[in-house]
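Work through the exercises below with the sequence and the model open. Each task is followed by a solution in steps.

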Amino acid sequence: MSGAGSGERTLELLIGPQHPASGHMRLVAEVDGDVVVRLRPDIGYVHRTVEKIAETKTYLQTIPLIERPPLADTANHNLGYVMAVERLLGVEAPPRAQWLRTLLAEMNRIHSHLYGLGIHGIMLGSSTAFMWAFGDREIMIEMAKRLTGARITYSYMIPGGVRRDLPPGFAEEMEKALRYLERRLPDYDRIFFSNPVTRARLEGVGVLTREDAIRLGVVGPNLRASGVAYDVRRARPYAAYPELDFQVVTRSEGDSMARMLVRVGEIRESIRMIRQILARMPDGPILAERYAKMIPPKWRDYVRETGRIKFPAILASLRPPKGAEAVSRVEAARGEAVFYLVSDGGPRPYRMRMVTPSLRNVVLFSHLTRGCRVADIPAIYGSLDYFPPEADR
Amino acid sequence: MVCGLSGTVLVGNLERSARRAARWLVERTPVRGIRDWGIKFSLWPVHFTTACCGAEFAAASAPRFDAERFGFLPFVGPRQCNLMLIEGTLTRKMAEAAVWVYEQMPEPKFVMSMGACAIDGGIFWNSYNIVRPKDILPVEVFVPGCPPRPEAVARSIIMLQKRIERGESVGLRV
Amino acid sequence: MASGSEVGEVAAPIEGALSGISSELSVRGEVVSIRVRPEDLREAAERLLRLGFDHVKAVTAIDRPGEGIIEVVYHASSYGNPGLTGIIAELRTSVPRDDPRVPTLTEIWPSALYQEREQWEMLGVIFEGHPELERLLLPEDFGGPPPLRKDFKIPTEGINA
Ligand code: SF4
């Protein structure tokens, strides 16, 4: 703490990088008594230079790399990146692969929102919310594990398709999981969302107006909680979204409570979508013909029987045409993720630009906390569902 | 310090001698065993998330895996904690903070590092902005994986407990 | 749902709005790419804003040492105008590599604030007039050239590593 603020009256308060919430960033708050005059996020504690490293890896090797920053929300970023690569190469995934991608993306959205909810609970001092959300999150993780083999870092989508087909009996298990989640949501409502403490701490706190949300380029539930019905799944539908029936959840209040409730609404929508996907999943191959026919003949039977792709060697040295560029955007759990790939004809991206939702939401820290109380900082921070590694990359 | 003791006068630093005697006693067999047994079940990691492995660390403390049954309870302040878990990559900016936090912790203290990144950089091995934790902190247990599964975290806790029990832990010797 | 033809429809008004500015327009999927000269960047951005492109999705600088230039690319789109949400306007310009200066667009698009700062840090592009051009992600004591330039080498895998 020091008196280096703008005047005699203000103090500079350093919060983090070691603090009880999801850590890895520092907030430099200038406070006047209990009121925050100015807050500056000091990020970069998890800056691991993903964009630079991507230039030294092949297109396929980059997939695990871009999954690391948004660790709780890998599937959506994976999808965004793979879409960009496919646009560079001019490949398209077959319909079944598109539906499987959408399935995993929605499952990931559920457990990522529960992650955010749990962390928000901790920040508000509600251990129950943390324990419940993290416990229920495991259900979706377990289902994703059955589908992909990994708990959270799936690397499930590859250029031209997906790695695995649905395992037998998946739809029934999933139905059970979804029913359980649906039963749980009212419980959350009772113990957390309509809890007087939660409401007192969140309602009317950190209000973001519609104009500011648009001006600052905020994304995801934070944007929709301010009444802007922008969702990439609607604005520029990709994968199987054009064929799904879902609603874009919005609220008009723009406060911390609204941001949280939008996420809850999205969990409900995702549950609906998963049901539709499993009911209407088309049959067919899961890897584009162009690559499938390059699988060595001795593996073809294995692939057909197990539904697991053996990577053809071509995937290790994908070379998009020289000078090709591609932009893709997806609605990741925390908001819109944008990938911009530039190729120079070599096997490695010439430039990979990854704009994650958290990076675009950083601006909210200084904007929303102006004039709030010090005790409101965690409430606002938590409601943004901000994941520092995702922002720092 | 001078102090009178039933007629005789002892000259010397009583406080220091007492501390030395206590240390001597604590290192003897029965007391030491009890102490280490106690430490074993009260490993309190400080809340210090360094990177994405934190997500799986949180899952390890959550209901399904429940690391609390090993006496492992993440806590807020470094002053009350005796275990530091490096959760993944340490960037250069974060490494500085890690050393501060470590220095604030009371002894005996232990360091575990989680994830491939915290062993030798993992997927980020050629990044220009990372530090390998073993270069700056006395790490006892490495948990491989990217991210390690919560079971692996649980297992590593048990390994650390065993090391403490057998007196092999470097944390006990500082 | 926006389709390819819709992008074509939007390209025309963009072209109209940019009349008087020397620009090259091309359409690539959902992206309308506009290349302008650095001195026209602000003007072009203002006109795009008036057209309804109200936020910036990505600010990217690309180092091209072969040509001695750095390209600065803005991807802008719209939240408020339903007709434009499906379209991305790609505003790009190139500046010489040894003196990369472009005017900042933060007054027009405040959403570019952090990303311009990041590109300044990572590629050394100076955004003239930017309110806080200071370190964002790198540690204070970071030395050497901006890390995303091609002459900043990091070890690579393989035999020639
Ligand atoms: S080991 Fe993997 S999950 Fe853990 S911090 Fe490193 S990249 Fe992230």
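**Exercise 1. Describe the contact of chain A with chain B.**

Solution. The model is predicted.

Step 1, area. Chain A and chain B bury about 3100 Å² between them, and carbon and sulfur atoms give 62% of this. Gln18(A), Arg48(A) and Arg151(A) supply 21% of the area that chain A buries against chain B, more than any other three residues.

Step 2, residues. The contact involves 39 residues of chain A and 35 residues of chain B.

Step 3, polar links. There are twelve residue pairs in polar contact across this interface, both residues at pLDDT 80 or more. The salt bridges between the two chains number four. In the salt bridge of Arg64(B) with Glu142(A), the N to O distance is 2.9 Å.

Step 4, elements. On the side of chain A that touches chain B, two or more residues come from each of helix 1, helix 2 (62-67) and helix 5 of chain A. Helix 5 of chain A gives the largest share, eight residues.

Step 5, composition. This side of chain A divides into 17 nonpolar, eleven polar and eleven charged residues.

**Exercise 2. Compare the span of helix 5 of chain A with the expected value, and state what follows the helix.**

Solution. Helix 5 of chain A covers residues 127-148, which is 22 residues. From first to last C-alpha the helix reaches 31 Å, close to the 32 Å expected at 1.5 Å a residue. Just after helix 5 of chain A comes Gly149(A), with a positive phi of about 95°.

**Exercise 3. Describe the contact of chain A with chain C.**

Solution. Step 1, area. About 3800 Å² is buried between chain A and chain C, with 55% from carbon and sulfur atoms. Lys52(A), Arg236(A) and Tyr350(A) supply 17% of the area that chain A buries here, more than any other three residues.

Step 2, residues. Chain A brings 47 residues to the contact and chain C brings 51 residues.

Step 3, polar links. Ten salt bridges cross the interface of chain A and chain C. One of them joins Glu336(A) to Lys57(C), whose closest N and O atoms are 2.8 Å apart. Residue pairs in polar contact, both at pLDDT 80 or more, number 25.

Step 4, elements. Those giving two or more residues to this side of chain A include strand 6 (322-332), strand 7 (335-344) and helix 8 (210-215).

Step 5, composition. The side of chain A that touches chain C has 24 nonpolar, six polar and 17 charged residues.

**Exercise 4. Place three further salt bridges in the fold.**

Solution. Step 1, total. Over all chains, the whole structure holds 73 salt bridges.

Step 2, a pair within one helix. Glu175(A) and Arg179(A) form a salt bridge at 3.5 Å, N to O. Both lie in helix 6 (residues 170-193) of chain A, four residues apart, about one turn of the helix. Glu175(A) is partly exposed at 23% relative accessible area, and Arg179(A) is partly exposed at 46%.

Step 3, a pair between elements. Asp385(A) and Arg263(A) form a salt bridge at 3.6 Å, N to O. Asp385(A) is in the loop between helix 16 (376-383) and helix 17 (388-392) of chain A and Arg263(A) is in helix 11 (residues 256-280), so the pair ties together parts 122 residues apart in sequence. Both residues are buried.

Step 4, a pair in chain C. Glu46(C) and Arg42(C) form a salt bridge at 4.0 Å, N to O. Both belong to helix 2 (residues 41-51) of chain C, four residues apart.

Methods: Residues are numbered from 1 along each chain as its sequence is written. Chains are lettered from A and ligands numbered from 1 in the order in which they are written. This is a predicted model: local features need pLDDT of at least 70, side-chain atom pairs count only at pLDDT 80 or more; totals for chains, interfaces and linings use all residues. Side-chain values use heavy atoms; hydrogens and water are left out. Contact means heavy atoms within 4.5 Å. Buried area is the accessible area (1.4 Å probe) that two parts lose on being put together, summed over both. A salt bridge is a side-chain nitrogen of Lys or Arg within 4 Å of a carboxyl oxygen of Asp or Glu. A polar contact is a pair of N or O atoms within 3.5 Å; within protein, one must be able to donate a hydrogen and the other to accept it, and residues adjacent in sequence count only if both atoms are side-chain atoms. Ala, Val, Leu, Ile, Met, Phe, Trp, Tyr, Cys and Pro count as nonpolar, Asp, Glu, Lys and Arg as charged, and the others, Gly among them, as polar. Buried means under 20% relative accessible area, exposed over 50%, partly exposed in between (1.4 Å probe, protein chains only). The expected span of a helix is 1.5 Å times one less than its number of residues.
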